[in-house]
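Student: I am new to this structure and should like to be led through it step by step. May we begin once it is displayed?

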Amino acid sequence: MEENINDFELHYDLEDEMNSQELTEIHIGDVNLPTGKIIVADPFFSLEQRPFSRTVIPDKYPVYIFMANIDALHHRIAYAKIKFRPEDASKWILALTDDLTNEELNELGDDEFYGFPVESGLACFLDEETNTQFNTKMDELQDKNPESNYYDDVLSEEFIKYSGKNNFSRDLGDWNDHHPIADSDNNIIMFASGWGDGYYPAYWGLNENGDTVELVVDFLINEFDPEGADEEYEDDED
């Protein structure tokens with residue numbers, strides 16, 4: 001019998017990693033998860049990204065970012081988190097998508113991880129149901145005007161209004177709460193991805209009973225050379 005993917009527990013000491021940095025926590029909105037199947041992705045490439053195998057109870061949950069102070073006038077998002085329960089997590093395991101095979105998991109090296117790619121300088125949390133709606137809206141805009149750009153035509157103004165005036169954000173806005181369908185609760189919490197493009201892991205935070213407490217994205221901010229990595233993300237979006 002094959003081992004269930006949720007039985008794989010690839011541990012990571014996220015607490016020590018986060019505590020080693022001076023970070024500012026900011027609540028940036030609540031994400032609606034109508035199916036409890038979570039996707040973490042670059043929003044413009046979310047169609048190809050599978051949800052995690054571990055699911056949560058459908059509900060709305062708070063989303064936080066953790067800003068690293070680069071210098072007096074410069075901050076970057078080091079981590080992003082969905083919080084499911086009020087208590088602190090006591091251990092963290094790698095979040096695995098539902099398309100990974102046992103063979104792929106067994107071949108993973110000690111310093112390796114499965115994560116998600118970022119190519120537009122943005123990442124996001126969204127539900128599988130919302131992902132379908134979002135990609136339909138992007139396709140509709142493209143069909144109406146092949147020269148259109150969803151970031152420029154829809155999101156850029158939202159980002160500026162939602163976070164552009166925050167002291168920890170750049171003027172163009174570093175996070176946003178986007179509703180693909182205006183009168184729907186389904187939303188996407190978007191945020192800048194650390195130094196920009198890359199390949200990033202996510203971790204489930206669990207309590208001693210194994211209950212899911214949080215989901216954390218690590219933008220590996222200490223592993224990047226900032227030289228040449230400071231381009232504005234809207235220039236990268238296709």
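Student: What percentage of the 238 residues of the chain count as buried?
Tutor: The model is a predicted one. A residue counts as buried when its relative accessible area is under 20%. Of the 238 residues of the chain, the share that meets this condition is 51%.

Student: How many helices and how many strands does the chain have?
Tutor: Among contacts between residues at least 6 apart in sequence, 73% join residues at least 24 apart. As for the elements themselves, the chain has four helices and 13 strands.

Student: In what order do the strands of the open sheet of four strands stand?
Tutor: The pairing in this sheet is antiparallel. From one strand to the next, the twist averages 15°. The order of the strands is β3-β8-β10-β9.

Student: Which strands stand at the edges of that sheet?
Tutor: An edge strand here has a single partner strand, so one of its sides is left without a neighbour in the sheet. The strands in this position are β3 (38-41) and β9.

Student: Which residue of β8 is the bridge partner of V40?
Tutor: β3 and β8 pair in the antiparallel sense, over four bridges. In β3, I38 and V40 point one way and I39 and A41 the other way, and all of these are buried. The bridge partner of V40 in β8 is F125.

Student: Is F125 buried or exposed, and what distance separates its C-alpha atom from that of I38?
Tutor: F125 is placed in strand β8. With a relative accessible area of 0%, F125 is buried, because the cut-off is under 20%. F125 and I38 are 87 residues apart along the chain, and their C-alpha atoms are separated by 7.1 Å.

Student: What is the bridge partner of A123 in β10?
Tutor: Strand β8 covers residues 122-127 and strand β10 residues 188-192. The two run antiparallel and are joined by four bridges. In β10, the partner of A123 is F191.

Student: Which strands of the sheet does helix α3 touch?
Tutor: Helix α3 spans residues 128-144 and packs on the sheet. Its direction makes about 120° with that of β8. The strands that α3 touches are β3, β8, β9 and β10.

Student: Which strands does α4 touch, and what angle does its direction make with that of β9?
Tutor: Like α3, helix α4 packs on the sheet. The strands it touches are β8, β9 and β10. The direction of α4 makes an angle with that of β9 of about 115°.

Student: How are α3 and α4 oriented to each other?
Tutor: The two helices pack at an angle of about 125°, with their axes 10 Å apart. An angle over 145 degrees would count as roughly antiparallel, and one of 65 to 115 as roughly perpendicular. The angle of about 125° fits neither range, and α3 and α4 are therefore oblique.

Student: How many nonpolar, polar and charged residues make up the contact of α3 with α4?
Tutor: From α3, the residues are F134, K137, M138 and L141. They meet Y150, D153 and V154 in α4. The residues of this contact divide into five nonpolar, no polar and two charged.

Student: Which backbone nitrogen does the side chain of S169 reach?
Tutor: S169 lies in the loop between α4 (150-163) and β9 (175-178), and at 12% relative accessibility it counts as buried. Leaving aside neighbours within four places in sequence, S169 is in contact with S163, G164, D174 and W175. At 3.0 Å, its side chain reaches the backbone nitrogen of D174.

Student: Which residues does H75 touch, not counting those up to four places away in sequence?
Tutor: H75 is placed in strand β5 (residues 74-83). Its relative accessible area is 14%, so H75 is buried. The residues that H75 touches are M67, A68, N69, I70, N167 and F168.

Student: What is the phi of L220?
Tutor: L220 is in the segment after β13 (212-218), and at 11% relative accessibility it counts as buried. Most residues other than glycine have a negative phi. L220 is not a glycine, yet its phi is positive, at about 50°.

Note on methods
Residues numbered from 1 in each chain as written. Predicted model: local features only at pLDDT ≥ 70, side-chain atom pairs only at ≥ 80, totals over all residues. Heavy atoms only, no water. Buried < 20%, exposed > 50% of the residue type's maximum accessible area, 1.4 Å probe, protein only. Polar contact = N/O pair within 3.5 Å; in protein donor to acceptor, adjacent residues only side chain to side chain. Contact = heavy atoms within 4.5 Å. Pairing = 2+ DSSP bridges. Axes fitted to C-alpha atoms, helices over the stretch in contact; angles between N-to-C directions. Parallel < 35°, antiparallel > 145°, perpendicular 65-115°, else oblique. Nonpolar A, V, L, I, M, F, W, Y, C, P; charged D, E, K, R; others polar.
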